[in-house]
Amino acid sequence: MPVELWYINGLTDLTPPLDEAVHALNNLLGNDDAFYIAVAGFPAADLLVWKAEGVVLVFTDPTRPARQRIARLVAACERAGVPLLHDAVTAVRLASPGETADDAVAPDHLPHACYTARHPAWRTTYRAVRRLLAHHWHGRIVPLPRPCTATSLPLASPTYAAGSTAAWVQARLPLLVEHQPTLDAGDDADFCLPCHYRHDGQRCDVPNVRGDVVMALQSAGAAALHLETPDGDRLLRLEGAWTPLAAALHHAGRQSDRRLQVLAYHLRRAPDDTLVADDASLVIVEPDWLVNVRALVEADFCPRSYLLQRFNPRSPNAPAVRGNIIHTLFEEMVSRVPTAPAAWQRAIETAWRISALHLALLHLDVREFFANDVRPILERLYRWHRAESLPSPTGRSETFLLAPQVGLKGRIDALWEIPGNVWVGELKTGKPWGERIRLGDQVQLAAYVLMTLARRWARPEGYQAFVLYPNGEGDKAVRYDAALNPHVFQQVVIARNRVVLIDHLGFAPFEQYSANKCRKCVAAEVCEAATVLLGHKDTRPWADVRGRFGFERQFDAETRRWFRTWVRLLDQELTVVKAAHATLWAMTPDARVQTGATIILDRQTDYRDLRAQGEGVLYTFAADNQSELRAGDYVLLSEAPGPLSGRMAEATIVAIDETSLTVQVDEPLEFTPQLVDQYTSEDLLTRQYTPLWLWLKQPPERRDLVIRHRAPLFDAAVPRLHHAPTIGGRPLNERQQEALDKLARMRDYMLVQGPPGTGKTTLIAALVRECLARGERVLLAAGTNTAVDNMVRALLDVGLGEHVVRLGNPLRTDPQVHGRLLGELAFHEDVETHIAQMRRLLLEAPVLAATASTWMRGTWDGALRFDVAIVDEAGQMTLPATLAPLRFARKFVLIGDHKQLPPVVQSEGRRRMSDILFEDQTPRLSRSLFEDLIVADMQRGGIATVMLEEQYRMNADICRIASERWYDNRLVPGTDEVARARLAVGALPDDAYAPIRDPARPVVWVDTPLSANGLPRQNEHEAALVADLLEGYFAAGLTWEQVGVIAPFRAQVAAIRRMLVRRFGEGALEHIRNSVDTVDRFQGQERDLIIVSLSLYAPFVPDLLRDERRLNVAITRARRKLILLGSLAVLKKEPIYAALVSSLDSNRFVWG
């Protein structure tokens, strides 16, 4: 019988033993006897399995399909007498962040994926699985889309990612989708950017070529790149300014096992059929690695300055604050042209309030600063604007652009557009450089123009680009026009490639020409420190600038190893985050919707301009939302056809549900958004480099608490506590009192493990009260705004609210704590008084509370100090994020639970609970500092740790599940009343669901069928069952406030909400939104009744459901009744569910 050969590209983490992988496939597809293994000379990570009904599955190198190896595979099948269907290999693609536009439109060959596709965090759809694999499950064979012959497959060498597990294979195998051509770049295959902008009529032979660099060659002035392209191997000869690139790529290849990709435009074809890139060409390294245009300016001044800026905190200074104020007013000038005095006064006041925090920390005389530093520049700028003949009265300010065609992104200060003309303006508040434009400013402007040319907004002759210097000697700002020609665009790409190689290698060359530049450099200290810590060799020729800070003696081998390890982990995460951006142009909007990362908007329903309050502009849109997006996510708004060519804006989601979303943007939109795409800003990640360096500036004995896990010290004598062991009228239990005792005696730190419902928030209020009584200043921090607000509310509840000041944005904080926001407390009509009051609160408030992200900024260094830092939900924060608040305090308290939700990390696969239980100490970004310290402390006997053991939420039956599974049977109900609690309802309906609803059965598992509609991450049977169960409970007197419904996927949350709206009407919509949500959103909440919809949509257990910590959180939200919905046949294959079901079954708690 013919068999069909599947080459499955995109399973990136597959290196388990063959028998383990085959066992996982057997579990998935059934019939253990139907599988056979044939290795046929392949590497160990390659797996060939076929089934008797006629399907062959091949797992091989995820990033570069190998023609020779596939050909050998085909030959092996033929030798074994296994004919191939249509004598062809069928390509099935995983929708991956690493795919490029060229991958998407590859016509008749198996497309390749660039190195950035090695990424475990796949987000794909099951809809295609139903279409592709359902026939196989029913014993029939159908041709899959886009067949290709084995002889057309491209050649490559395999590079395998780190090991994984067969369970990973089992989860990922069904998530196969046919990759669709992108709308954004569908016509880019024949696009030549230099042909678009050149005036000399010179045309190319080959518009562009894209491929992986197999080898870079350079000798005797000749340079070439051996490229592996979708059409086969090509030789690209480099001439002119591109010649040095070969040596740079050769060096990069020797330093890393990652292949780089090259995109070259405007090529000649030599007589020997090789391609030639000359000075008319553009050669772009790693085009999907988008470089911020401002990085070109920094790297142009000093490459090491660019590399090290991620470590160096950007503390506020007067020139920077002046620049921020001037830029804010320039935006007003460009986009609104306020001419009336009252309008200008309002704009100036808004600008001052936006910068009030920095002004407060700088102790500047506001009136003098405005008169001497701001007003003269503003007046010159205003005179220029009135005199300049602009193409239109108003333009666009701070316009954000992505241009993967040239590997750039950036934000343009000012942009004026009319048909056929584009003016690009950049404002510089520093002094002008003689009578000409600065070189770095020239590159920056040309880069912006090149980006818009790549997006084909206008013809080149319609462009003007200029820089404004308003801080000169004349009576108005000086304008210098930038040169726009092919040579300048070439220099832009060369500068960009330099930045990419710095990012890729983690190294930048040292200054070789100007000793004074190094002697006067403000980053000299961090430059020398990074040189020592990262193992760089200082090649500067001046002895007096090398080693002047003595870091070679300060940092021993273990400290250097620690620093390099965490920098490497952040680098890996950054690679994945930037790779994820490629989905914006490598996938169609419909495909992105299927992954849960995109929403297609219907219409705008509301608009609020809050810029006067410093809160931007709010837009609300109607939409059919089935995404995984949530409040607080960063997104891109764009018009059709998408962010690659349509206009766009960065935004933050303020509120979202299944029918609408509200976003915050900095400025009013000048287009109608049609798409909302998830966009993880790398800025949030790059901030985490800074705390690593700043922690090393701590005294050696303090930094060793983290680096070497030095045992913390405690006073022997037990000091007298200042308060009785009660808080808010409630007595503290024994473990909570033990925590207060350790707080009073600690010299370094203490740890509090708080399982669900154990009163962590109550304890935090007691800890803060004790610190205040001892005259200590307290910093409060957590990873999320919700957790910070919970701490502030706890202080308000016990009468300590007057001592706390909350730092944060009103749009992202709970309205109940708005009265304690810094901006609210300091507000005064007079701006100068407002700033003075803000300064007083920052320096004198007994308690300051903010997120860890806020404390990462260099804003506070040198200004704020505390006695004690208390960090809640520390188990959900990465180590670098946790270090951010700790650097401000002499002592710290970490409170959390490493057996609940972990830090959110994209570059790592799921951790097994066994790794946690058996104290695996491998450094991981997903392993929190809290977990590190608690494991080390337990090995010393737990001298610094208090585990809260009495919980006041779950009855005994629900508590027993968590206690046995995750807490060594130490977690117990705090009182008999809690232990015996049952769901209090009236008469329940006597229907088929009566055994499930029965309050006498506190825990019930309901066996449910798999989804039948083929939609990913949804199960309509479970959604309907939720509605049926709630209908009976509400008839018996239960209220929405007592109910919680938890699902792992946002799509299932939306499906359940829609079902409940149909059942209970639009009037219940607000209750439904508050009662139905994901596991992550329910962290910290509790309800009398919890229904967990496991949302099984295929015969496998999704990766998200195999995370025991998420299961722990879902189960422990319930107080009196827990109902779990899921297919027993599927879930019992997974050990964690098999054990849970067995335990419940023995107590007759399984129904169905």
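**Entry 1: the parallel sheet**

I started with the open sheet, which has seven strands in the order S29-S30-S28-S31-S32-S27-S33, and the pairing is parallel. I looked for the edges: strand S29 (804-806) and strand S33 (945-947) each have a single partner strand, so one side of each is left without a neighbour in the sheet. I also pulled the twist, and neighbouring strands here are turned by 20° against each other on average, direction ignored. I should jot down that this is a predicted model, and everything below is read from it.

Next I checked one pair inside the sheet. Strand S27 (residues 749-753) runs parallel to strand S32 (residues 889-896), and five bridges join the two. I picked out Val-752 in that pair and found Ile-895 of S32 as its bridge partner.

Then I asked which helix packs on these strands. Helix H26 (residues 760-773) lies across S27, S32, strand S28 (778-782), strand S30 (847-851) and strand S31 (866-871). I noted its direction too: H26 runs at about 165° to S32.

**Entry 2: Val-804 on the edge strand**

I went back to S29, since Val-804 is found in that strand. Is Val-804 buried or exposed? I got a relative accessible area of 0%, so Val-804 is buried, the cut-off being under 20%. S29 is an edge strand with a single partner strand, so I wanted to see what touches Val-804. Leaving out residues up to four places away in sequence, I listed Val-792, Leu-795, Arg-820, Leu-825, Val-847 and Ala-849. I also took a C-alpha distance: Val-804 and Leu-841 are 37 residues apart along the chain, and their C-alpha atoms are separated by 9.6 Å.

**Entry 3: the nonpolar cores**

I moved on to the cores. The largest nonpolar core has 214 residues, and Trp-562, Trp-693 and Trp-855 touch the most other members. I checked which element gives the most to this core, and it is helix H14 (residues 439-454), with 10 residues. I also found a second, separate core of 37 residues, with Cys-959, Leu-1096, Ile-1136 and Phe-1149 included. My margin note says that in soluble globular proteins nonpolar side chains tend to be buried together.

I opened up one of the tryptophans. Beyond four places in sequence, Trp-562 touches Leu-692, Trp-695, Leu-696, Val-706, Ile-707, Leu-879 and Leu-883.

**Entry 4: Ser-928 in its loop**

I found Ser-928 in the loop between helix H32 (913-917) and helix H33 (929-939). Ser-928 is buried, with a relative accessible area of 1%. What does its side chain reach? I traced the side chain of Ser-928 to the backbone nitrogen of Glu-931, at 3.0 Å. Setting aside neighbours within four places in sequence, I have Ser-928 in contact with Ala-874, Gly-875, Met-877 and Pro-903.

**Entry 5: Glu-667 and the antiparallel strands**

Another loop residue: Glu-667 lies between strand S23 (660-665) and strand S24 (675-678). I got a relative accessible area of 16% for Glu-667, which counts as buried because the cut-off is under 20%. Not counting neighbours within four places in sequence, Glu-667 is in contact with Glu-331, Ser-335, Arg-336, Ser-397, Arg-611 and Val-617.

I then followed S24 to its pairing. Strand S19 (residues 598-609) and S24 pair in the antiparallel sense over three bridges, and I see Thr-598 opposite Asp-677 in S24. S19 is also joined to strand S20 (residues 617-623), by seven bridges and again antiparallel. In that pair I marked Arg-603, whose bridge partner in S20 is Ala-622.

**Entry 6: helix H41**

I looked up the burial of helix H41 (residues 1108-1115). Eight of its eight residues are buried, so the helix is largely enclosed by the rest of the structure. I wrote down some of the buried residues, among them Glu-1108, Arg-1109, Arg-1110 and Asn-1112. What caps the N-terminal end of H41? I found Asp-1107 there, with a side-chain oxygen 3.0 Å from the backbone nitrogen of Arg-1109.

**Entry 7: whole-chain numbers**

I finished with the totals. The protein chain comes to 43 helices and 41 strands. It has 1152 residues, and 60% of them count as buried. Of the contacts with a separation of 6 or more, I have 75% between residues 24 or more positions apart. The accessible surface is about 42500 Å², and 50% of that belongs to carbon and sulfur atoms.

Technical notes
Residues numbered from 1 in each chain as written. Predicted model: local features only at pLDDT ≥ 70, side-chain atom pairs only at ≥ 80, totals over all residues. Heavy atoms only, no water. Pairing = 2+ DSSP bridges. Helix = DSSP H or I, 4+ residues; strand = E, 2+ residues; numbered from the N terminus. Axes fitted to C-alpha atoms, helices over the stretch in contact; angles between N-to-C directions. Contact = heavy atoms within 4.5 Å. Buried < 20%, exposed > 50% of the residue type's maximum accessible area, 1.4 Å probe, protein only. Polar contact = N/O pair within 3.5 Å; in protein donor to acceptor, adjacent residues only side chain to side chain. Areas by Shrake-Rupley, 256 points an atom, 1.4 Å probe, with all protein chains shown as cover. Core = buried A, V, L, I, M, F, W, Y, C linked by side-chain atoms within 4.5 Å.
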